[in-house]
Structures are given as structure tokens and as C-alpha cells.
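Got the viewer open and a selection box ready? Let's take a walk through this one, stop by stop.

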Amino acid sequence: MTDAMFQQAYPLARRSAQVRSAAAVVSGAVRMADREDLEQEALTRVWQALARYDSARAGLRTFIELVVRTQFTSVLRSRRRRPEFESLHDRDVVGEGGFLELE
């Protein structure tokens with residue numbers, strides 16, 4: 001990777017990460033406090049991926065947006081809330097006759 005390519009890619013990557021992180025905050029998927037961390041992770045991923053960039057396959061902007069989108073999707077998927085289940089420990093589930101009342 002050349003310094004010229006990195007200099008060209010950085011503003012595109014930063015803008016793409018900012019747009020995606022802002023959308024994630026607005027949608028409620030991410031807290032405002034985590035926004036900067038997400039952007040930094042995306043920029044790091046772009047920096048790592050630039051070595052695999054092939055201009056014959058796609059433009060630089062398209063490549064960067066794909067890398068950033070994939071990174072955000074991966075992070076948001078891993079942070080997705082898991083369903084919370086109510087504990088039955090403190091509930092009476094057996095009635096006087098000994099049958100389960102939940103059914």
C-alpha cells in the first residue's frame with residue numbers, strides 16, 4: 001500500500017464511518033458514547049483492508065464503503081440485545097392439585 005493511496009482513502013473512510021455511526025446512534029442501536037469507538041474500529045479495518053484493494057474490481061470509494069458497512073454490521077450484530085427471560089424461581093407454578101398452572 002502506498003502513502004498516496006492511504007492519503008486518498010482516509011477522508012473517504014472517515015466520512016463513511018461518521019455517516020454510519022450517526023445513523024446507528026439515531027436508530028438507537030448504539031449509544032453516543034460508543035460512536036467514536038465504532039468509527040475508529042471501522043477506520044482500522046479499512047487501513048488493514050487497503051492491501052487487498054484492486055482497482056480493476058471496484059472504485060476506491062465503493063471498496064471503502066463495503067469495508068465500513070461490513071465492519072458496522074458485524075459490530076452491531078454482536079451487540080444486538082439478547083431476549084431476556086423472566087425467572088420462574090420466585091413464582092408459584094404448582095397449584096393445590098399439583099398440576100402446572102402455566103399451561
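How much space lies in the largest pocket? About 160 Å³. Keep in mind as you look around that this is a predicted model.

**Stop 1: the pocket**

Select Arg52, Tyr53, Asp54, Arg57, Ala58, Thr62, Phe63 and Leu66, and show them as sticks: these residues line the largest pocket. Now colour them by class. You should get four nonpolar, one polar and three charged residues in that lining.

**Stop 2: the whole chain**

Zoom out and switch to cartoon. The protein chain has three helices and zero strands, so the pattern you trace along the sequence is α-α-α. Colour by confidence next. The chain averages a pLDDT of 84, and 77% of its residues score at least 70. Among the helices, which one has the highest confidence? That is α2, at 93, while helix α3 (residues 60–79) has the lowest, at a mean of 91.

Try colouring by accessibility too: buried residues make up 23% of the 103 residues in the chain. If you plot a contact map alongside, count the contacts with a separation of 6 or more; residues 24 or more positions apart account for 57% of them.

**Stop 3: leucine 12, on α1**

Go to helix α1, which spans residues 3–27, and pick leucine 12. Leucine 12 is partly exposed, because its relative accessible area is 24%, between the 20% and 50% cut-offs. Which residues does leucine 12 contact, leaving aside its neighbours within four places in sequence? Show Leu60, Arg61 and Ile64. For a distance label, join the C-alpha atoms of leucine 12 and glutamate 65: they are 53 residues apart along the chain, yet separated by 8.3 Å.

**Stop 4: arginine 61, on α3**

You have just seen arginine 61 as a contact of leucine 12, so click on the residue itself. Arginine 61 lies in helix α3. Is it buried or exposed? Arginine 61 is exposed, because its relative accessible area of 51% is over 50%. Put another label between the C-alpha atoms of arginine 61 and serine 16; you should read 9.1 Å, for a pair 45 residues apart along the chain.

**Stop 5: glutamine 18, back on α1**

Return to helix α1 and select glutamine 18. At 23% relative accessibility, glutamine 18 counts as partly exposed. Not counting residues up to four places away in sequence, glutamine 18 touches Arg35 and Glu39. Glutamine 40 is worth a distance label as well: its C-alpha is 9.7 Å from that of glutamine 18, with their positions 22 residues apart in sequence.

**Stop 6: glutamate 39, on α2**

Follow that contact across to glutamate 39, in helix α2 (residues 35–49). This residue is charged by class, so check its accessibility: why does glutamate 39 count as buried? Its relative accessibility is 15%, and the buried class takes anything under 20%. Leaving out residues up to four places away in sequence, show what glutamate 39 touches: Ala17, Gln18, Ser21 and Phe72. Alanine 13 sits 9.2 Å away, C-alpha to C-alpha, and 26 residues away in sequence.

**Stop 7: glutamine 71, on α3**

Last selection: glutamine 71, in helix α3. Glutamine 71 is another buried residue, because its 9% relative accessibility is under 20%. Bring up Glu41, Ala42 and Arg45, which glutamine 71 touches when residues up to four places away in sequence are not counted. Then look at side chains alone: which residue's side chain makes a polar contact with that of glutamine 71? It's glutamate 41, at 3.5 Å.

Technical notes
Residues numbered from 1 in each chain as written. Predicted model: local features only at pLDDT ≥ 70, side-chain atom pairs only at ≥ 80, totals over all residues. Heavy atoms only, no water. Helix = DSSP H or I, 4+ residues; strand = E, 2+ residues; numbered from the N terminus. Buried < 20%, exposed > 50% of the residue type's maximum accessible area, 1.4 Å probe, protein only. Contact = heavy atoms within 4.5 Å. pLDDT = per-residue confidence, 0-100. 1 Å grid on protein atoms, 1.4 Å probe; cavity = no way out; pocket = protein on both sides within 12 Å on 5 of 7 lines; lining within 4 Å. Points joined across faces, edges and corners; volume = space filled by probe spheres on them. Nonpolar A, V, L, I, M, F, W, Y, C, P; charged D, E, K, R; others polar. Polar contact = N/O pair within 3.5 Å; in protein donor to acceptor, adjacent residues only side chain to side chain.
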